[in-house]
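Biologist: Could you take one strand of this model and go through its surroundings closely, including its partners and the way its side chains point?

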Number of protein chains: 6
Amino acid sequence: MVMLLQLRTWPEVEDYLARSQGIIFPIGSTEQHGPTGLIGTDAICAEAIAKGVGEATEALIAPTINVGMALHHTSFPGSISLRPSTLIRVINDYVTCLARYGFTHFFFINGHGGNIATLKAAFSETYYHLADLNIPNCDRVRCRVGNWFMCGSVYKLAKELYGKEEGSHATPSEVALTQYIYPDAIKTASLSPEVASGRGIYSAADFRRSYPDGRMGSNPALATPEHGRQFYELAVKELSDRYLEFLKS
Amino acid sequence: MVMLLQLRTWPEVEDYLARSQGIIFPIGSTEQHGPTGLIGTDAICAEAIAKGVGEATEALIAPTINVGMALHHTSFPGSISLRPSTLIRVINDYVTCLARYGFTHFFFINGHGGNIATLKAAFSETYYHLADLNIPNCDRVRCRVGNWFMCGSVYKLAKELYGKEEGSHATPSEVALTQYIYPDAIKTASLSPEVASGRGIYSAADFRRSYPDGRMGSNPALATPEHGRQFYELAVKELSDRYLEFLKS
Amino acid sequence: MVMLLQLRTWPEVEDYLARSQGIIFPIGSTEQHGPTGLIGTDAICAEAIAKGVGEATEALIAPTINVGMALHHTSFPGSISLRPSTLIRVINDYVTCLARYGFTHFFFINGHGGNIATLKAAFSETYYHLADLNIPNCDRVRCRVGNWFMCGSVYKLAKELYGKEEGSHATPSEVALTQYIYPDAIKTASLSPEVASGRGIYSAADFRRSYPDGRMGSNPALATPEHGRQFYELAVKELSDRYLEFLKS
Amino acid sequence: MVMLLQLRTWPEVEDYLARSQGIIFPIGSTEQHGPTGLIGTDAICAEAIAKGVGEATEALIAPTINVGMALHHTSFPGSISLRPSTLIRVINDYVTCLARYGFTHFFFINGHGGNIATLKAAFSETYYHLADLNIPNCDRVRCRVGNWFMCGSVYKLAKELYGKEEGSHATPSEVALTQYIYPDAIKTASLSPEVASGRGIYSAADFRRSYPDGRMGSNPALATPEHGRQFYELAVKELSDRYLEFLKS
Amino acid sequence: MVMLLQLRTWPEVEDYLARSQGIIFPIGSTEQHGPTGLIGTDAICAEAIAKGVGEATEALIAPTINVGMALHHTSFPGSISLRPSTLIRVINDYVTCLARYGFTHFFFINGHGGNIATLKAAFSETYYHLADLNIPNCDRVRCRVGNWFMCGSVYKLAKELYGKEEGSHATPSEVALTQYIYPDAIKTASLSPEVASGRGIYSAADFRRSYPDGRMGSNPALATPEHGRQFYELAVKELSDRYLEFLKS
Amino acid sequence: MVMLLQLRTWPEVEDYLARSQGIIFPIGSTEQHGPTGLIGTDAICAEAIAKGVGEATEALIAPTINVGMALHHTSFPGSISLRPSTLIRVINDYVTCLARYGFTHFFFINGHGGNIATLKAAFSETYYHLADLNIPNCDRVRCRVGNWFMCGSVYKLAKELYGKEEGSHATPSEVALTQYIYPDAIKTASLSPEVASGRGIYSAADFRRSYPDGRMGSNPALATPEHGRQFYELAVKELSDRYLEFLKS
């Protein structure tokens with residue numbers, strides 16, 4: 001059974017710490033995913049996979065970070081983003097709290113490419129901050145990002161199923177995964193067969209000019225819930241292995 | 001049916017904005033709730049009630065803010081907190097993004113007393129920040145907190161059921177509500193009949209000295225899932241009315 | 001005789017610390033108080049009462065924080081405000097300096113409702129910050145707000161004298177207190193008998209639309225210096241008791 | 001009669017703005033001034049002189065900034081300081097609020113050498129910040145520091161009266177001025193005839209090692225209230241001229 | 001001839017802007033590079049290549065950012081690093097100043113892998129910040145990183161010359177480049193044939209434990225100045241092409 | 001031979017620290033210097049003189065801080081500035097890194113008057129920050145600014161050569177120094193014989209209105225490379241003496 005921090009008591013966490021110092025944070029985003037993709041896609045995928053990994057590895061799963069770094073999507077209604085400097089503070093606060101109790105291995109299962117750079121910056125800022133505090137073993141703290149969509153097995157399947165119609169945002173693979181998780185929330189819309197790609201990512205206004213319906217080179221109409229199930233299983237398997245290996249480091 | 005931002009597309013949000021400029025944010029905390037209370041209690045309660053309010057009022061529900069201002073609980077393993085200055089930035093970032101699309105009424109359904117002061121500070125900071133931007137109608141933005149546990153009807157029932165054993169943290173009312181929502185996660189432990197109360201809230205170290213098992217004057221053993229259902233219904237009713245009234249302001 | 005930090009030498013403070021670790025900060029605001037209320041009302045009241053409490057309790061009185069959190073008043077000329085995030089830093093800096101010398105009990109005598117939320121957020125931020133430093137006894141630091149206008153005896157008298165014409169900003173009670181303190185600075189103006197109330201507090205522009213002359217439901221024309229004397233004495237009595245009790249905690 | 005912002009109403013400020021866009025801020029410090037100097041010396045002097053200047057020039061006087069940049073004094077009990085980065089935010093917040101109403105000339109009458117650098121940094125930060133806002137005439141805002149103790153006439157008199165015993169901190173001139181203002185708060189102590197000087201100003205711990213009783217090369221025992229009167233008059237005269245000239249710029 | 005901003009006048013910059021809105025920033029780091037690598041390696045390489053690119057493309061070259069994000073190296077004497085949150089502010093300040101004059105294309109020629117994540121976070125923060133200002137065309141601003149050591153041609157040559165002895169820090173390729181640029185500053189030391197690799201990058205203390213002499217899997221003894229020349233020419237060629245293409249976007 | 005940190009290895013820095021704990025930072029600015037002055041003037045001068053001082057005193061020279069506090073110049077294309085609050089963080093980060101290795105004496109050879117205030121504020125902020133860390137001898141850290149253009153001998157020569165045509169920005173003395181260092185980058189332009197002076201320094205827009213071609217009361221046409229050589233030698237001599245004296249403090 002998956003062990004969610006939210007559904008545990010503090011004495012149970014104390015017990016957990018006696019046998020493991022690892023914890024998993026699902027981190028997603030709240031951002032447009034094209035005409036048919038769910039705004040919560042990245043958080044939904046990260047959370048589902050994190051729970052799967054938690055089940056497989058008996059890891060404690062922290063509450064999902066639903067809002068990440070998605071400033072470039074903020075010309076599309078409904079997108080919410082933290083500034084990178086805010087997200088750095090958030091990660092620093094989270095890890096510092098938990099390091100005081102003895103947690104040392106923080107694994108972020110990530111559903112959004114736009115989070116990666118800021119997460120890495122946040123890890124550096126956090127290690128440095130911890131060194132100034134008087135926390136035993138704080139120089140043993142290690143953070144790592146596991147991007148489900150960049151798992152080798154996931155990538156391979158996406159290429160097989162969709163070829164270049166996978167694109168790079170509002171992709172059929174992530175849409176498929178949300179269809180598997182929320183079969184009642186499958187959306188349809190007439191998607192233009194022409195879809196912009198390769199125009200870079202800069203300001204929010206520029207992004208909307210470059211990618212008018214929010215997709216980046218993708219054809220999410222190819223997604224099916226069954227594909228989603230396959231992606232889910234591959235990602236859980238691969239990230240579980242990676243988490244266990246990380247724990248040993 | 002409840003309308004979750006996470007399960008919507010951006011064109012759907014655009015449609016929603018044409019008929020309403022209100023949005024509801026559940027905000028909780030990730031903090032110890034005594035020997036038997038769930039660490040996620042405040043987030044779980046806020047989220048469940050917010051969904052109920054969303055159903056009743058057709059309001060859009062934003063993703064839950066799971067981690068709030070709980071620094072005083074951070075001597076108990078598993079508690080996670082933002083610093084107030086971080087939470088102010090988070091709220092500012094959220095509201096600023098959404099104000100750009102035309103949202104004007106932000107209703108925070110809150111499950112944690114410790115969030116209230118920082119939320120109010122954040123609202124002031126945010127209004128002032130918005131005034132510096134070039135957003136149409138930004139001086140019409142209004143934020144409000146609705147604390148489910150301070151609803152008159154909830155308070156009255158808690159007094160009837162538990163008298164002074166309601167206490168002020170890890171209360172039977174909030175525990176009951178989590179039991180109603182997660183009947184499979186009901187915890188038991190032998191609770192000392194003596195429970196500290198009235199010793200104030202200062203630093204985390206001081207808090208643990210004052211309230212050794214985390215409870216503040218409460219007897220959560222009195223909670224039942226059926227009580228939880230009653231609290232849920234009262235809170236949903238009262239906050240739904242308040243939200244609709246807020247929208248008109 | 002009242003003991004003002006400003007009129008003491010550092011060896012005198014050293015002596016004081018040997019017998020008490022408490023200090024009182026008057027905190028007010030610099031903001032419009034309607035057509036006849038003084039812009040310094042909140043600071044003037046807090047300072048006068050703090051001096052009275054200092055006399056009664058032999059407490060050291062720190063210099064008055066004249067400018068607080070009054071962003072919502074900044075559409076009326078003369079109002080000055082800190083952003084909440086600035087005020088949090090100010091309080092943090094003050095308390096941290098004094099905690100290094102051994103002060104542990106910080107009592108803020110407050111004259112402005114708008115300060116309360118930010119002060120509470122600042123206290124949490126400060127306790128947490130202190131825990132990271134190497135200050136002996138820093139986890140014993142305790143901060144508390146005493147709002148003179150919310151003292152039971154003050155509230156009761158205001159209701160007796162003014163009923164609902166007390167209102168909630170530019171109130172006859174606070175105006176009376178400034179008249180008692182500065183009898184030469186009593187202002188008159190023709191006040192509209194209709195006065196806005198209950199329209200909430202949001203942005204500065206919104207505030208001025210809601211409350212065009214700056215009053216919130218009040219009739220300050222009812223104030224007299226003699227009323228002011230009574231409020232002064234009640235507040236000094238009640239807050240002196242509360243301070244002494246706080247010192248014992 | 002001196003015109004204190006604290007004792008004015010907002011309509012009076014509106015009237016004032018119609019004829020002048022200047023305002024004077026007294027700024028001091030709360031810091032040790034040797035065995036006999038008052039902790040509030042710098043704020044007391046700045047405030048008294050600012051009121052004198054206000055009387056002479058009909059300028060509006062803002063509330064005194066009592067706590068400044070005195071980190072190097074924070075090894076002596078009772079000293080309170082803002083960090084430079086905090087003081088920069090405070091000045092920015094003050095000036096920004098007032099610039100919105102139409103104030104353009106901000107004159108800081110300063111009693112503490114340690115404030116000068118941070119004030120100048122704050123002015124630069126503030127001009128730049130204002131340029132980002134949509135405030136009419138914000139690029140006309142001008143801030144200036146007037147240090148009473150660096151007035152030519154003050155400096156000359158101090159040299160005549162005290163020669164090199166004037167020193168550079170806890171000086172007889174500033175002590176004399178406080179004696180003139182608060183004749184009831186004159187302190188005595190046996191001062192070592194040897195007094196450290198010329199050892200630079202670095203960290204707080206270093207400062208106390210260098211200047212064990214807090215004085216820097218000064219003999220405050222030479223001060224008299226009558227000297228204080230003379231310093232007061234010279235400073236008021238010189239700074240009044242400078243303020244009027246500044247207004248014309 | 002290369003056009004260095006430092007050696008130009010402001011009217012020359014005005015002329016330049018009439019024909020190009022691009023500018024190149026060399027960015028490096030000041031950090032240990034093993035027993036024989038120069039502490040300035042990353043800045044030296046980035047600057048030299050940027051000048052080469054400037055010559056080839058007639059681009060304006062901004063002053064080198066010598067200190068970057070190298071917190072993980074700060075257990076080795078001489079390393080200097082900005083925190084990520086500081087570097088984000090630095091980049092934001094630089095780009096904002098230049099965007100006001102009309103620059104729109106910012107190309108960062110980077111010599112240090114540790115800068116990449118923070119640079120990307122900084123770009124996002126900056127675009128968002130610019131959108132709040134009233135700068136014409138600010139939503140056309142585009143920033144891009146060009147890492148010389150990740151150029152395809154450079155990578156290929158390094159593999160050919162050094163195979164897996166290239167490693168990932170204090171690499172023979174970057175050492176060779178500094179030898180070509182500063183032939184008088186070639187260092188030798190007896191390098192242990194065993195060199196740590198693959199142990200990840202976490203805190204500074206951890207880094208030094210993992211990589212005791214500072215190298216990460218590399219054998220810098222293989223470097224020659226002639227290799228350096230080849231790397232230089234390949235990188236200049238490839239980044240010049242990329243800059244010209246970027247300008248067109 | 002001058003010892004540049006950039007051209008050293010970490011073991012060499014370790015050796016250096018065994019015999020000296022001093023380090024020199026050249027700090028300049030990137031800002032307009034009138035129609036003929038180089039934008040890099042302040043950094044070029046500071047760097048050249050610092051190298052000279054390094055040669056004379058065997059001090060380690062850190063990489064040049066090229067961009068300083070020049071917000072008032074940012075209405076002239078090509079000027080780049082940090083905000084004071086950013087520069088404070090930068091200095092804090094630099095000094096903190098190096099203090100961990102044992103450096104205690106930080107000498108900033110400065111080429112820009114506009115940096116002075118912010119540098120002093122930064123030093124105070126840094127000492128205070130260091131006191132919170134667990135660094136041995138951190139309370140021995142000392143920072144000092146040496147402004148080459150304010151050296152007595154430099155000032156005297158400038159007065160002899162140029163009288164009041166020296167002015168205060170884009171001065172012939174600094175231009176002469178850059179001509180000596182970069183004889184190939186000497187610029188000419190027809191300079192108006194009338195040049196603004198004495199109009200103060202406020203916002204960037206105001207600065208450009210006051211000083212339309214960027215000069216402040218100066219006639220840089222008087223500069224010659226030979227003058228530059230003389231300024232160089234005087235400044236190196238005087239600052240070398242001052243650095244050695246500083247080391248002893």
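**A strand and its neighbours in chain A**

Modeller: In this predicted model, A:Pro26 has A:Ile109 of S4(A) as its bridge partner, and that pairing belongs to a set of six bridges by which strand S2 (residues 22-27) of chain A is joined to S4(A), the two strands running parallel. S4(A) also pairs with strand S5 (residues 142-147) of chain A, again in the parallel sense and over six bridges, and here A:His105 has A:Arg142 in S5(A) as its bridge partner. Between S4(A) and S5(A) the chain passes through helix H4 (residues 116-131) of chain A, making a β-α-β crossover that is right-handed.

As for the side chains, in a regular strand they alternate between the two faces of the sheet. In S4(A), A:His105, A:Phe107 and A:Ile109 point one way, while A:Phe106, A:Phe108 and A:Asn110 point the other way, and all of them are buried. Strand S4 (residues 105-110) of chain A is therefore largely enclosed by the rest of the structure, since six of its six residues are buried, that is, under 20% relative accessible area.

For the wider setting of such a strand one can turn to chain D, where an open sheet of five strands, with parallel pairing, has the order S1-S3-S2-S4-S5. Strand S1 (3-4) and strand S5 (142-147) of chain D stand at the edges with a single partner strand each, so one side of each is left without a neighbour in the sheet. Helix H4 (residues 116-132) of chain D lies across S2, S4 and S5 of chain D, at about 170 degrees to S5(D), and helix H8 (residues 225-248) of chain D also touches S2, S4 and S5 of chain D, its direction making about 160 degrees with that of S4(D).

Methods:
Residues are numbered from 1 along each chain as its sequence is written. Chains are lettered from A and ligands numbered from 1 in the order in which they are written. This is a predicted model: local features need pLDDT of at least 70, side-chain atom pairs count only at pLDDT 80 or more; totals for chains, interfaces and linings use all residues. Side-chain values use heavy atoms; hydrogens and water are left out. Two strands pair if DSSP finds at least two bridges between them. Helices (H or I, at least four residues) and strands (E, at least two) are DSSP runs, numbered from the N terminus. Contact means heavy atoms within 4.5 Å. Axes are lines fitted to C-alpha atoms, for helices over the stretch in contact, and angles run from 0 to 180 degrees between N-to-C directions. Buried means under 20% relative accessible area, exposed over 50%, partly exposed in between (1.4 Å probe, protein chains only). A crossover is right-handed if, with the strands pointing away from the viewer, the path from the first strand over the helix to the second runs clockwise.
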